[in-house]
Amino acid sequence: MNEQIVQFAYIIAAGLFVMSLKWMRSPETARRGVVAGEIGMLLAVVGTLLGRDIVSYQSIFIAFFIGSAVGVPLAYLMPMTAVPQRTALSHAFGALAAALVGTAEYYRELPHGPVMVALVFETLLGFLTFTGSLMAFGKLQEILPARPITYRNQNAVNFALFGAAAILGIVLIVNPEQTWIFPIFAALALVFGVLLIIPIGGADMPTVIALLNSYAGLSAAAMGFALGNRMLIIAGSLDGSSGLILAIIMCKAMNRSFTNLLFGAFGQLQKKAGHQEDQRTVRSASPEEAASILDAARSVIIVPGYGLAVAQAQHKIRELYDVLTRHGADVRFAIHPVAGRMPGHMNVLLAEADIPYERLVEMDEINGEFPQADVALVIGANDVTNPAARSDQSSPIYGMPILDVDKARTVMVVKRSMSPGFAGIDNPLYYLDKTLMLFGDAKVVVTAIVRELAEVAKAA
Amino acid sequence: MLKDLEVGLYVFMLATFVGLEVIRRVSPLLHTPLMSLTNAISAIAVVGAISITGAQGATTLSKTLGFIAVTASTINVVSGFLITDRMLKMFRTRKPGQAK
């Protein structure tokens with residue numbers, strides 16, 4: 001096939017990818033975006049297969065077959081609560097592909113100049129994102145301990161390792177014929193990826209996933225430079241900028257500066273767990289009491305967090321939403337940007353449970369509404385509701401934007417126990433007079449509330 | 001050679017700007033599907049993997065690495081697009097009768 005036609009297919013594909021992302025701007029057009037992306041992908045792949053430099057097809061089609069056989073079940077069988085794990089895994093696959101292509105290119109061509117620079121970037125980012133994403137996957141899947149693992153001089157070790165990898169990369173750029181260096185370079189990148197993610201705790205996962213997303217994209221863009229394929233550069237930089245924007249949004253939502261994030265001060269938050277023994281009392285309530293308050297409420301704001309995903313309580317919350325709406329209450333969901341384990345995690349879970357998406361309200365829009373709310377119901381969220389972030393300068397999360405749950409007339413918190421959350425930060429919200437604690441598994445508690453509400457309705 | 005690099009850098013810069021502008025407008029509601037969609041799109045790396053695997057005179061090393069790379073990217077392409085669509089289907093304004 002004519003090389004020009006292939007190039008033309010690439011140009012159309014690149015345009016479709018941009019349109020695809022543009023259509024993600026609202027749920028009405030988003031599915032069109034997926035179709036545009038699929039057509040672009042099909043064009044690009046068919047174009048490449050028909051290009052004249054491809055001579056053997058057999059192993060390519062076997063790989064297509066295996067990839068599809070794994071990919072289809074991965075897409076359809078994954079429960080929505082496991083979406084963060086799946087995403088981490090797919091960053092790993094994408095990065096691995098880029099790294100391996102870079103490795104093969106290196107040994108084939110031993111290129112000099114700009115191409116070698118691109119290959120070094122591609123393989124460095126590819127390998128470190130591969131192991132980093134696998135670590136993130138392991139933590140999210142709870143194969144690995146989700147707690148941050150820290151040791152002394154962690155940052156120094158990481159910097160040294162990264163520095164060593166960077167120096168070897170430069171040596172390779174200057175002198176590509178030194179092929180013995182390459183495996184060491186690759187190994188350092190792989191180890192660095194592991195060490196980068198080890199100190200990261202669950203609460204930081206949304207930022208990290210977004211950042212790994214960005215790295216995987218940049219590594220694909222570097223591949224585009226190495227292979228002289230501009231469509232690859234475009235697709236890779238779109239992915240890279242998307243990850244970057246999400247990472248910045250997450251950083252802002254946690255009051256972290258971007259440099260702080262880049263230089264891996266991730267574990268910081270967890271270290272300062274200084275909560276004193278105190279005699280403050282909490283008011284614990286039964287589902288019956290909660291139901292009677294909710295029954296009288298006209299305006300309810302539900303604040304979901306990661307605990308909701310853990311308890312798989314999204315469908316029960318839909319039932320609660322239904323009951324309250326039927327009683328004439330105005331029920332909305334307040335979504336903090338870092339609620340859950342990846343950007344947008346809560347939205348997907350609640351959408352899965354068939355809650356209309358216009359009921360899901362972003363933090364900035366809903367915060368002004370809490371003072372008018374009769375009940376704020378916090379389910380499985382902790383730090384994002386902590387008023388200490390507003391007032392207590394000594395708190396590790398001081399300055400982090402939070403949901404102003406404490407301004408509602410009554411606050412109900414569904415929580416497993418009084419133990420401080422993952423970040424180990426004390427939450428004064430729990431000791432307020434207007435706060436009722438509902439101890440137990442989110443799903444069990446919400447189920448009980450729904451049952452009580454139904455009985456109240458029957459009695460009336 | 002240098003000309004190629006120059007053009008490449010222009011493309012990279014402009015695509016990044018376009019990316020930043022377009023992504024900024026994506027509703028926060030859709031950040032999770034956005035991530036799986038961009039992931040599927042960047043699995044366009046499959047193109048590079050194909051050319052490594054099927055090229056004339058590919059060594060065993062290139063063929064093996066390329067094979068793994070094609071498999072890994074195909075997983076991303078297939079599962080990325082399918083799961084994005086699966087998620088987007090769930091975002092509805094009103095509840096459809098009893099369908100679930």
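Q: Before we start, what is a nonpolar core?

A: A nonpolar core is a set of buried Ala, Val, Leu, Ile, Met, Phe, Trp, Tyr and Cys residues joined through C-beta atoms within 7 Å. Please keep in mind that this is a predicted model.

Q: Thanks! Which residues touch the most other members in the largest nonpolar core here?

A: That core has 200 residues, and those touching the most other members are A:Val303, A:Ala376, A:Val378, A:Ile379, B:Ile44 and B:Ala45. Domain 1 (78-270) and domain 2 (283-459) of chain A each give at least three residues to this core.

Q: Could we zoom in on one of them? What does B:Ala45 touch?

A: Leaving aside residues up to four places away in sequence, B:Ala45 touches A:Gly94, A:Ala97, A:Ala98, A:Val101, A:Ala220, A:Met223, A:Leu232 and B:Ser73.

Q: That brings us to the two chains. How many residues does each chain put into the contact?

A: Chain A brings 98 residues and chain B brings 81. On the chain A side, the elements supplying at least two residues each are helix H1 (3-22), helix H2 (27-50), helix H3 (58-77), H4, H8, H9, helix H15 (345-352) and strand E4 (360-362). H4(A) gives the most, with 17 residues. Sorted by class, this side of chain A has 56 nonpolar, 28 polar and 14 charged residues.

Q: Now for the domains inside chain A. How many residues link domain 1 and domain 2?

A: In chain A, 21 residues of domain 1 are in contact with 21 residues of domain 2. On the domain 1 side, two or more residues come from each of helix H4 (83-109), helix H8 (205-227), helix H9 (230-253) and helix H11 (268-271) of chain A. That side has 15 nonpolar, 6 polar and no charged residues. The centres of the two domains, taken over C-alpha atoms, are 35 Å apart.

Q: I can see a sheet too. In what order do its strands lie?

A: To read a sheet, follow the strands by their neighbours. This open sheet of 7 strands in chain A has the order E1-E7-E6-E5-E2-E3-E4, with parallel pairing.

Q: Why is one side of E1 and of E4 left without a neighbour in the sheet?

A: Strand E1 (283-284) and E4 of chain A stand at the edges with a single partner strand each, so one side of each has no neighbour in the sheet. E1(A) pairs with E7(A) in the parallel sense over 2 bridges, and A:Ser284 stands opposite A:Met437 in E7(A). At the other edge, 3 bridges join strand E3 (residues 330-335) of chain A to E4(A), where A:Leu360 is the bridge partner of A:Phe333.

Q: And E7(A): is it mostly covered or uncovered?

A: Mostly covered, since 4 of the 5 residues in E7(A) are buried. E7(A) is also joined to E6(A) by 5 parallel bridges, with A:Lys415 partnered by A:Phe439 in E7(A).

Q: Which strands does helix H12 touch?

A: Helix H12 (residues 287-296) of chain A packs on the sheet, touching strand E2 (299-304), strand E5 (375-379), strand E6 (410-415) and strand E7 (435-439), and its direction makes about 135° with that of E7(A). Helix H14 (residues 314-326) of chain A lies across E2, E3 and E5, running at about 145° to E3(A).

Q: One last residue: why does A:Ile184 count as partly exposed?

A: A residue is buried with 20 or more other C-beta atoms within 10 Å and exposed with 12 or fewer. A:Ile184 has 13 C-beta neighbours inside 10 Å, so it counts as partly exposed. This residue sits in helix H7 (residues 181-197) of chain A.

Methods. Residues are numbered from 1 along each chain as its sequence is written. Chains are lettered from A and ligands numbered from 1 in the order in which they are written. This is a predicted model: local features need pLDDT of at least 70, side-chain atom pairs count only at pLDDT 80 or more; totals for chains, interfaces and linings use all residues. Domain bounds come from an automatic or database domain assignment. Two residues are in contact if their C-beta atoms, placed from the backbone, lie within 7 Å. Ala, Val, Leu, Ile, Met, Phe, Trp, Tyr, Cys and Pro count as nonpolar, Asp, Glu, Lys and Arg as charged, and the others, Gly among them, as polar. Two strands pair if DSSP finds at least two bridges between them. Axes are lines fitted to C-alpha atoms, for helices over the stretch in contact, and angles run from 0 to 180 degrees between N-to-C directions.
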